[in-house]
There are 2 protein chains.
Amino acid sequence: MGSEVQLDAIDRGILNALQRDGRLSNVELAQRVHLSPSACLRRVKQLEEAGVIDRYVALVNPKAVGRPGTSFTIINLERTTPQVLAAFEQAVRDVPEILDCFFVAGSNDYLVRFAYRDAEDLERVHGEVLMHLPGVARANSMLVLRTVKKTTGFEL
Amino acid sequence: MGSEVQLDAIDRGILNALQRDGRLSNVELAQRVHLSPSACLRRVKQLEEAGVIDRYVALVNPKAVGRPGTSFTIINLERTTPQVLAAFEQAVRDVPEILDCFFVAGSNDYLVRFAYRDAEDLERVHGEVLMHLPGVARANSMLVLRTVKKTTGFEL
DNA sequence: AGTGAAAGTGCGGCTGC
DNA sequence: GCAGCCGCACTTTCACT
């Protein structure tokens, strides 16, 4: 897929701009990167088809939809056979409260991110959702007290 | 800001659709949520102005821009005076390699996410960037071996 | 008064040269 | 890089409740 595509300075400028504002009109984007609209559009389409630009999304304010809290939880499984891992991962995908889940090196742990509504909801998700995923031995939550920095893209 | 806005079922439908595809045209969005284009556009504008929709962004493929690796690092500071925290956080904001940084409860640690190019780059970022941030005592990296789930929004 | 549908206008995406 | 058509965003207006 989108591997080993060579990007020049203009491509990087396009990507930086669209990562900040995915609804930039082509004409405005063109003059920011000093290109004619048609040439700019060609590059954008090419970046989309090459898979460099994965997709465009709207970002919603967590507070505005009643999910102000964020927690990262390190989940340790009792056993780490392929079957146990597969069952756990499928369950994770089916739980809407879980936003991200990563399998990390070191001690065969998962790192899970979720958003919660309030203290009661946090307790529910931690205790009734995470702890009841198949194969879980321990779950160690790290509550986010303050978000220092949060990005959705890369500085190119 | 965007707090305590009441969302009905149609608003949630709009948000779910735009979180999947932020470039949906208003007419297509309208028929998905069974509304006329003008009524739909009014709601979208209102959600934007209320801050429920924060912004629209393009998501780029990390592999395509040469940053295939992800690492989460727990950073522990030597001292936790306000001055030390502030200096650390400002440094974090100035380092482009660091994508996210959260101050987490428990032991006054930070959780930091960054993307790296290869093993050599990982070593450089961990050793030369993170460890040289002001006030760092220890940095414990968790390498992501596999991304099980990754979302940019909420199921509403 | 607040919400939804229908029509007109201009800008911008997109396919030719 | 330039000129075309065409579609969509956006406004206004009207109908409903």
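This is a short tour of a predicted model, with two protein chains and two DNA strands to select in turn.

**Stop 1: the two chains**

Select chain A and chain B. Chain B can be laid on chain A by a turn of 180° and a shift of 0.0 Å along the axis, with an RMSD of 0.0 Å. The two copies are thus related as by a two-fold rotation axis. Where does chain B come nearest to that axis with a C-alpha? Click B:Val57: its C-alpha is 2.8 Å from the axis.

Now look at where the chains touch. The same surface serves both copies, and 100% of the contact residues of chain B recur in chain A. Chain B brings 62 residues to the contact, and chain A brings 62 residues.

The size of an interface is often given as the accessible area lost when the parts come together. Here, the area buried between chain B and chain A is about 6000 Å². Carbon and sulfur atoms give 59% of that area.

Which residues of chain B lose the most area to chain A? Select B:Arg23, B:Lys149 and B:Phe154. Together they make up 13% of what that side buries.

**Stop 2: an annotated region of chain A**

Select residues 7-68 of chain A. UniProt lists this stretch as "domain: HTH asnC-type", in an unreviewed entry. Colour it by secondary structure. Over these residues the chain is 52% helix and 13% strand. Its end C-alpha atoms are 38 Å apart.

**Stop 3: DNA strand C**

Show DNA strand C and the residues around it. From chain A, pick A:Ser25, A:Asn26, A:Val27, A:Leu41 and A:Lys45. From chain B, pick B:Leu35, B:Ser36, B:Ser38, B:Ala39, B:Arg42 and B:Arg43. These residues divide into four nonpolar, four polar and three charged.

Next, highlight the helices. Helix H2 (26-32) and H3 of chain A, together with H3 of chain B, each supply at least two residues of this surface near DNA strand C. Which helix gives the most? H3(B) does, with four residues.

Which parts of DNA strand C come within 4 Å of the protein? Of those atoms, 60% belong to sugar or phosphate and the rest to bases.

Zoom in on three contacts with DNA strand C:

- A polar backbone atom of A:Asn26 is 2.3 Å from a phosphate oxygen of the strand.
- A backbone N or O atom of B:Ser36 lies 2.6 Å from a phosphate oxygen of the strand.
- An N or O atom in the side chain of B:Ser38 is 3.1 Å from a base nitrogen of the strand.

**Stop 4: DNA strand D**

Move to DNA strand D. From chain A, select A:Leu35, A:Ser36, A:Ser38 and A:Arg42. From chain B, select B:Ser25, B:Asn26, B:Val27, B:Leu41 and B:Lys45. Sugar and phosphate account for 79% of the atoms of DNA strand D that come within 4 Å of the protein.

The residues near DNA strand D divide into three nonpolar, four polar and two charged. Helix H3 (37-49) of chain A, with helix H2 (26-32) and helix H3 (37-49) of chain B, each supply at least two residues here.

Finish with three phosphate contacts on DNA strand D:

- A polar backbone atom of A:Ser36 is 2.9 Å from a phosphate oxygen.
- For B:Asn26, a polar backbone atom is 2.4 Å from a phosphate oxygen.
- For B:Val27, the distance from a polar backbone atom to a phosphate oxygen is 3.2 Å.

Terms used
Residues numbered from 1 in each chain as written. Chains lettered and ligands numbered in written order. Predicted model: local features only at pLDDT ≥ 70, side-chain atom pairs only at ≥ 80, totals over all residues. Heavy atoms only, no water. Near = heavy atom within 4 Å. Polar contact = N/O pair within 3.5 Å; in protein donor to acceptor, adjacent residues only side chain to side chain. Nonpolar A, V, L, I, M, F, W, Y, C, P; charged D, E, K, R; others polar. UniProt positions renumbered as here; feature names shortened; annotations may be inferred. Least-squares fit on C-alpha atoms with pLDDT ≥ 70 in both. Contact = heavy atoms within 4.5 Å. Buried area = accessible area lost by both parts, 1.4 Å probe.
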